[in-house]
Amino acid sequence: MKTNGKIIGLTCVECTKRYAENEVMYTCPACDIAGILDVEYDDDRARRQLTHDSLARAERSIWRYLPILPIADDARLPTLQIGMTPVMNTRRRNDR
Ligand SMILES: [Zn+2]
């Protein structure tokens, strides 16, 4: 994963070992499949990159957060809309 320093690092949810963003691929090597990696976001970067104005102008999908997501700038992104799924009212939901 080459994300150009968008994140601080990755932390294994099982053993809490920390990794640099390009050190491991999907899971903690010591914990195998149980070692899901939490992304440590750079809050200062997020504040600079995601302003009220930029979010108001951005497309309504998960890709509005691309400046802080650990995805390479040159990655091929899916063309389907991801995220921002609207919540629809239904009679059963409204009866609660
Ligand atoms: Zn681990």
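**A three-stranded sheet and its surroundings**

Three strands make an open sheet, with antiparallel pairing, in the order 2-1-3. This is a predicted model: local features need pLDDT of at least 70, side-chain atom pairs count only at pLDDT 80 or more, and totals for chains, interfaces and linings use all residues. Residues are numbered from 1 along each chain as its sequence is written.

Student: Which strands stand at the edges of the sheet?
Tutor: Two strands pair if DSSP finds at least two bridges between them. Each edge strand has a single partner strand, so one side of it has no neighbour in the sheet. The edges are strand 2 (18-19) and strand 3 (37-41).

Student: Which residue does Leu10 stand opposite in strand 2?
Tutor: Strand 1 covers residues 7-12. It pairs with strand 2 in the antiparallel sense over two bridges. Opposite Leu10 stands Tyr19.

Student: In what pattern do helices and strands follow along the sequence?
Tutor: Helices (H or I, at least four residues) and strands (E, at least two) are DSSP runs, numbered from the N terminus. The protein has three of each. The pattern is β-β-β-α-α-α.

Student: What radius of gyration does the protein have?
Tutor: The radius is taken over C-alpha atoms, and the globule rule is 2.2 Å times the number of residues to the power 0.38. A compact globule of 96 residues would come near 12 Å. The protein has 17 Å.

Student: What percentage of the residues count as buried?
Tutor: Buried means that 20 or more other C-beta atoms, placed from the backbone, lie within 10 Å of a residue's own. Of the 96 residues, the share is 6%.

Notes. Buried ≥ 20, exposed ≤ 12 C-beta atoms within 10 Å, placed from the backbone.
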